[in-house]
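User: I am new to this structure and would like to go through it by question and answer. Please show it first.

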Amino acid sequence: MSSEPRTLAEKIWDAHVVRSSHGEPDLLYIDLHLIHEVTSPQAFDGLRAAGRKVRRPDLTIATEDHNVPTTGITGPGVPLSGPDSPVTDPVSRTQVEALRTNVAEFGVKLFPMGDAGQGIVHVIGPQFGLTQPGMTIVCGDSHTSTHGALGALAFGIGTSEVEHVLATQCLLQRRPRTFAIKVDGALSPGVHLGQMQLAKQFDASRVPVREGGVGLLPMDDLVGRADAVVGSWDLGIRGQPVWTWLSGFRLARFFTAVR
């Protein structure tokens, strides 16, 4: 490990390297794996075909969020099929059914449609206090970098990678290059986080969560394979509990865990 100063992202990365070999991707340990009904079916099929189990079901959380509606869900036990089901698309229904079958077989915790814990897959982590500063977090969803707003190193992965994490709780990744951009002064009228994000003219660590830090992180995966990590000290939580809001949900109390 180099003795030169490291960014927060580099520190988190180094703390999670299981194996590193020159010219090869690093093998990273993953602290939290979030899954949903769209990118997980083939991954579970791969486990089943190889006779493997989920390595760490306790670090794997599933929710139904991509193919379920935002209306017509009245509470727990809402039917998935039949005339009273809010899911009318047959493909969507099939994917949700597959997720329920898979999590039951492999022992993974699921927040199903109608459950109080069900929600957007990159929201429930912070909502339940599962997302912690210093963690590595992955999900088969391009908005996974959202967790970077809370000091985690998080990124979206593909279905084959989902299978790899399910089987090993590790992931092969090439060490990314890092850089920082700093903007001084106040924003001009009409310039908001979206414009800064698209122009990459901002230092993410200077945008508090309560003022939109969470909102700007999901765009990182949409404008290229990039992940931003916001230093926990910039959230005002160094050793102190913090309450904030994310999409109408109050976050669970948590403490810094940067290694």
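User: To begin with helix 2, which of its residues are buried?

Analyst: This is a predicted model, and burial here means a relative accessible area under 20%. The cover over the buried residues of helix 2 includes strand 3 (32-35), helix 3 and helix 5 (159-168). The buried residues in helix 2 are P41, A43, F44, G46 and L47.

User: What phi does G51 take, just after helix 2?

Analyst: Helix 2 covers residues 41-50, and G51 comes just after helix 2. The phi of G51 is positive, at about 70 degrees.

User: How many aromatic pairs does the structure hold?

Analyst: Rings pair if their centres lie within 6.5 Å. By that cut-off, the count of aromatic pairs is two.

User: Is the pair of F44 and F106 stacked or tilted?

Analyst: Planes under 30 degrees apart count as stacked and those over 60 as edge-to-face, with the rest tilted. The ring centres of F44 and F106 are 5.2 Å apart, and their planes stand at 40 degrees, so the pair is tilted.

User: How many residues apart in sequence are the parts tied together by F44 and F106?

Analyst: Both F44 and F106 are buried. F44 belongs to helix 2 and F106 to helix 3, so their pair ties together parts of the chain whose separation in sequence is 62 residues.

User: Is the pair of F111 and F128 stacked or tilted?

Analyst: The centres of F111 and F128 are 5.1 Å apart, with 25 degrees between the planes. Planes under 30 degrees apart count as stacked. The pair of F111 and F128 is therefore stacked.

User: Where does F128 lie?

Analyst: F111 is in strand 5 (residues 109-111), and F128 is 17 residues apart from it. F111 counts as buried at 13% relative accessibility, whereas F128 is partly exposed at 32%. The place of F128 is the loop between helix 4 (124-127) and strand 6 (136-139).

User: In what order do the five strands of the parallel sheet stand?

Analyst: This open sheet has strand 5 and strand 7 (153-156) as its edges, each pairing on one side only. Neighbouring strands are turned by 20 degrees against each other on average, direction ignored. The order of the strands is 5-4-3-6-7.

User: Which residue of strand 5 is the bridge partner of T63?

Analyst: Strand 4 and strand 5 pair in the parallel sense, over three bridges. T63 has as its bridge partner in strand 5 the residue F111.

User: Which strands of this sheet does helix 5 touch?

Analyst: Helix 5 packs on the sheet, and its direction makes about 130 degrees with that of strand 3. The strands it touches there are strand 3, strand 4 and strand 6.

User: Is T136 buried or exposed?

Analyst: T136 lies in strand 6. T136 touches residues including I12, H16, Y29 and L153, leaving aside those up to four places away in sequence. With a relative accessibility of 1%, T136 counts as buried.

User: Which strands are the edges of the sheet with the order 1-2-8?

Analyst: Three strands form this open sheet, and the pairing is antiparallel. Its twist averages 40 degrees from one strand to the next. The edges, each pairing on one side only, are strand 1 (17-19) and strand 8 (170-173).

User: Which residue of strand 8 stands opposite L27?

Analyst: Strand 2 (residues 26-29) and strand 8 run antiparallel and are joined by four bridges. Opposite L27, in strand 8, stands L172.

User: At what angle does helix 1 run to strand 1?

Analyst: Helix 1 (residues 8-15) packs on this sheet and touches strand 1, strand 2 and strand 8. The direction of helix 1 makes with that of strand 1 an angle of about 40 degrees.

User: How far is the side chain of D65 from the backbone nitrogen of V121?

Analyst: D65 sits in the loop between strand 4 (60-63) and helix 3 (90-106), and at 16% relative accessibility D65 counts as buried. Its side chain has a polar contact of 2.5 Å with that of H66. From a polar atom of the D65 side chain to the backbone nitrogen of V121, the distance is 3.0 Å.

User: How many disulfides are there?

Analyst: C139 counts as buried at 1% relative accessibility, and C170 does so at 10%. A disulfide requires two cysteine sulfur atoms within 2.5 Å. By this rule the number of disulfides is zero.

How values were computed: Residues are numbered from 1 along each chain as its sequence is written. This is a predicted model: local features need pLDDT of at least 70, side-chain atom pairs count only at pLDDT 80 or more; totals for chains, interfaces and linings use all residues. Side-chain values use heavy atoms; hydrogens and water are left out. Helices (H or I, at least four residues) and strands (E, at least two) are DSSP runs, numbered from the N terminus. Buried means under 20% relative accessible area, exposed over 50%, partly exposed in between (1.4 Å probe, protein chains only). A polar contact is a pair of N or O atoms within 3.5 Å; within protein, one must be able to donate a hydrogen and the other to accept it, and residues adjacent in sequence count only if both atoms are side-chain atoms. Rings of Phe, Tyr and Trp (its six-membered ring) pair if their centres lie within 6.5 Å; planes under 30 degrees apart count as stacked, over 60 as edge-to-face and the rest as tilted. Contact means heavy atoms within 4.5 Å. Two strands pair if DSSP finds at least two bridges between them. Axes are lines fitted to C-alpha atoms, for helices over the stretch in contact, and angles run from 0 to 180 degrees between N-to-C directions.
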